[in-house]
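Good morning, everyone, and thank you for making the time. I would like to walk you through a structure that is new to most of you, so please have the sequence and the view open while I talk.

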Amino acid sequence: MNLIRCDVAVIGAGTAGLSAYRAARAAGKHAVLIEGGPYGTTCARVGCMPSKLLISAAEAAHALHAAAGFGVHAGTVRIDGPAVMDRVRRERDRFAGFVVENVEGLPAADKIRGYARFAAPDRLVVDDHTEVQAERIVIATGSTPIVPEEWAKAGPRVIHSDAVFEWTDLPGSVAVIGTGVIGLELGQALHRLGVRVALYARGNSIAQLSDPAVLAEAAKVLRQELDVRFQTQVVSVQPDGDGVVLTTRDGAGNERQERYDYVLAAIGRAPNVQALRLDLAGIERDRRGVPLYDHTTMQCGTSPIFIAGDANDELPLLPEAADQGKIAGHNAALYPDVQPGLRRTPLAIAFTEPQIATPGALWRTLHGSHEGRFAIGEVSFANQGRSRVMLQNRGMLRVYGEYGSGRFLGAEMIGPRAEHIGHLLAWAVQAGLTVSAMLDMPFYHPVVEEGVRTALRDLAEALKHPPPEPPQPCPDCTPGT
C-alpha cells in the first residue's frame with residue numbers, strides 16, 4: 001500500500017473540496033485532493049446548470065403560449081423532445097468539462113483517485129491502495145439524492161433528479177414526489193415542455209418558504225398552472241411494464257392509483273458521510289451521523305478535522321459550498337489558529353415561474369430569534385405596474401424589520417424578477433441597512449422594484465408602532481417592602 005504524508009487532506013473534489021484545497025495551498029501547505037467519483041461538481045453535472053438549461057427550454061415554450069395575452073398569435077407549437085434533451089446534455093457536458101479541465105490542471109501528485117475512509121483521526125485509507133497520513137483533514141464529500149428503498153424496488157422507472165439529465169427524449173408523464181426547489185423547478189419545466197406532471201407533497205411546504213402568507217400565495221399561484229397535491233402520502237410504487245403505478249392517500253384518507261412513465265423522487269439529499277468510518281475519526285456526530293461543527297470556522301469540535309459543503313447538510317447551495325470550503329481549507333492550513341470566516345447573508349432562489357426568493361432571515365427563524373421584536377410589510381404584485389405590463393402580475397413580497405433599530409432583517413417572496421430582488425435585499429441585510437436608509441435609495445419608474453418600495457413603506461409604518469413591552473416580574477411586591 002502506498003503511503004502519502006501531507007499537511008491537509010481534502011476528501012471530495014466538488015465545489016467545497018476544490019475551494020478547500022485551493023485555500024490550503026494558498027496558505028502554503030501541502031494538500032492532497034481525494035475523489036472516487038467523476039470529476040465535475042454537483043452544480044455543473046446534475047444540479048443548477050443542467051436544470052436551468054431545461055428551465056430555459058420550458059420558458060421558451062411557455063412564452064409562445066403566453067404571447068396571445070399580448071395580442072401576438074404564434075403558429076403551431078411543436079416541442080422536439082430529443083432536441084431539447086440533446087442541448088441540455090451538450091451544454092451540461094460543456095459546463096462540467098470546464099470543471100474537469102480545472103481539476104486535470106492540478107499537480108498529479110496532489111490528486112488521489114478512490115474513496116477515502118478514516119482509519120484514525122489523522123489517517124485515511126483510500127480504497128485498498130493508499131494510506132494518507134494527514135495533520136488536518138477536510139470532509140467535503142457532498143450529498144446524494146434520497147430514494148426510499150421501498151420505492152426503488154419498483155425498478156429503473158423510479159428515478160432521482162440526477163437521472164433526468166441523462167434522458168434522450170422527454171417522457172409522456174412524470175409523478176414528482178416533493179415540492180422543494182428541485183421538485184418544483186423540474187416539475188414545472190417538464191409540464192411546460194408538454195409532459196403530464198403531478199406534484200405530491202406530504203404537507204404544505206413549497207421550496208424554502210416559511211411565511212404562512214407567502215406560502216398561501218405561492219400555493220394559489222402555482223396551482224393555477226400545475227397539478228400540485230398537498231397533504232398527500234405515497235402508499236406504494238409498483239412496476240407496470242414500461243411505467244409505474246403510484247398509489248397515494250390524501251389528507252381525507254382517500255386513496256388514488258395512477259400510472260406514470262416515471263416517478264421522480266425529489267424529497268431531499270443525504271450527506272455522503274456514512275462510508276467514511278467517522279466512528280474512527282474521534283469527533284462527535286448528530287443522530288444522523290453528521291459531524292457536529294462550528295458554523296463560523298467549519299471545525300469539528302476542537303479537532304483538526306473540518307467539514308464543508310453538502311456533507312454538513314447546512315445550506316446545500318453552490319455559493320455556500322464555495323465559502324465553506326474556503327473557510328475550512330484556510331483553517332485547516334492554520335490549525336490550531338482557527339478563525340471565523342466570512343459567512344454571507346443567506347440567499348436562496350427557486351427558478352420557478354414566478355420565482356421564489358428568501359434573502360436574509362426567514363419568517364420561521366425570526367419567530368425564534370426576534371419573537372415580538374420584528375414588524376412585517378408586504379406588497380402584492382397583482383396590481384404592480386411593471387408586473388402588469390409584462391403579464392407577470394402574480395405573487396407577494398413580505399419584508400421584515402427590527403423594532404427600535406429599524407434594521408432590515410430579511411424577506412420572503414414569490415413574484416417576478418425575484419432572483420434580482422433577492423440579491424438587492426440580501427445585500428441590504430449584509431450591509432446592515434435600516435428600512436429608512438433603503439427607502440432613501442433610488443427607484444426608477446416603471447420597474448418591478450417599485451413593489452419593493454411599496455413593501456418597505458408598509459414596513460416603515462409598521463415599525464412606528466411597536467408592541468407594548470411585557471410587564472417585568474416584580475421580585476418582591478408584598479405590602480410593606
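Let me begin with a small question: which residue in strand 15 does isoleucine 159 stand opposite? The partner is leucine 264, and before I go further I should say that what you are looking at is a predicted model.

That pair of residues leads us into the parallel sheet. Strand 8 and strand 15, the latter covering residues 262–265, pair in the parallel sense over three bridges, and they belong to an open sheet of five strands whose order is 8-15-9-10-11, with parallel pairing. At the edges sit strand 8, residues 158–160, and strand 11, residues 227–229, each of which pairs on one side only. On average, neighbouring strands of this sheet are turned by 25° against each other, with direction ignored. As general background, the strands of a sheet pair through backbone hydrogen bonds, and they can do so in either a parallel or an antiparallel manner.

Across this sheet we find helix 7, residues 181–192, which lies over strand 9 (173–177), strand 10 (196–200) and strand 15. The helix runs at about 160° to strand 10.

There is also an antiparallel sheet, which is open, has three strands, and follows the order 12-13-14. Its edge strands are strand 12, residues 233–240, and strand 14, residues 255–260, each pairing on one side only, and the twist from one strand to the next averages 20°. Strand 13, residues 243–249, is joined to strand 14 by six bridges, the two strands running antiparallel. If you would like a single pair to look at here, take threonine 247, whose bridge partner in strand 14 is glutamine 257.

Let me now return to helix 7 and ask which residue forms a salt bridge with glutamate 185. It is lysine 52, and the closest N and O atoms of the pair are 3.4 Å apart. This contact links distant parts of the chain, with lysine 52 in helix 3 and glutamate 185 in helix 7, 133 residues apart. In general terms, side chains of opposite charge can pair when their charged atoms come close, and a search of the whole structure finds 32 salt bridges.

Helix 3 and helix 7 come up again when we turn to the enclosed spaces. How many cavities of 30 Å³ or more does a search of the whole structure find? There are two, and the largest holds about 60 Å³ of space. Its lining includes Ile55, Ala58, Glu59, Glu185, Gln188 and Arg192, and the elements that give two or more residues to that lining are helix 3 and helix 7. Helix 7 provides the largest share, four residues. By class, the lining has four nonpolar, two polar and four charged residues.

The second largest cavity has a volume of about 30 Å³, and among the residues lining it are Thr179, Leu184, Ser205, Val228 and Phe230. The largest share of this lining, three residues, comes from helix 8, residues 212–223. Here the classes are seven nonpolar and two polar residues, with no charged ones.

Turning from cavities to pockets, the second largest pocket contains about 500 Å³ of space. Of the 20 residues that line this pocket, His62, Arg192, Glu353, Leu391 and Gln392 lie nearest its centre. Arg192 and Glu353 are also among the residues lining the largest cavity. Helix 3, residues 48–66, and helix 12, residues 418–430, each supply at least two residues of the pocket lining, with helix 3 giving the largest share, four residues. The pocket lining comprises seven nonpolar, six polar and seven charged residues.

I will finish with the backbone, and Glu353 offers a way in. Glutamate 353 and proline 354 are joined by a cis peptide bond, with omega at about 0°, and proline 354 is found in the loop between strand 18 and strand 19, the latter being residues 355–359. A cis peptide bond also joins tyrosine 335 and proline 336, where omega is about 10°; proline 336 is in the loop between helix 9 (318–334) and strand 18 (347–350). Lastly, arginine 277 has a phi near 55°, a positive value in a residue other than glycine, and it is placed in the loop between strand 16 (269–271) and strand 17 (305–307).

Terms used
Residues are numbered from 1 along each chain as its sequence is written. This is a predicted model: local features need pLDDT of at least 70, side-chain atom pairs count only at pLDDT 80 or more; totals for chains, interfaces and linings use all residues. Side-chain values use heavy atoms; hydrogens and water are left out. Two strands pair if DSSP finds at least two bridges between them. Axes are lines fitted to C-alpha atoms, for helices over the stretch in contact, and angles run from 0 to 180 degrees between N-to-C directions. Contact means heavy atoms within 4.5 Å. On a 1 Å grid over the protein atoms alone, a cavity is a set of points where a 1.4 Å probe fits but cannot get out, and a pocket is an open set with protein on both sides within 12 Å along at least five of seven lines; lining residues have an atom within 4 Å of a point. Grid points are joined across faces, edges and corners, and a volume is the space filled by probe spheres set on the points. Ala, Val, Leu, Ile, Met, Phe, Trp, Tyr, Cys and Pro count as nonpolar, Asp, Glu, Lys and Arg as charged, and the others, Gly among them, as polar. A salt bridge is a side-chain nitrogen of Lys or Arg within 4 Å of a carboxyl oxygen of Asp or Glu.
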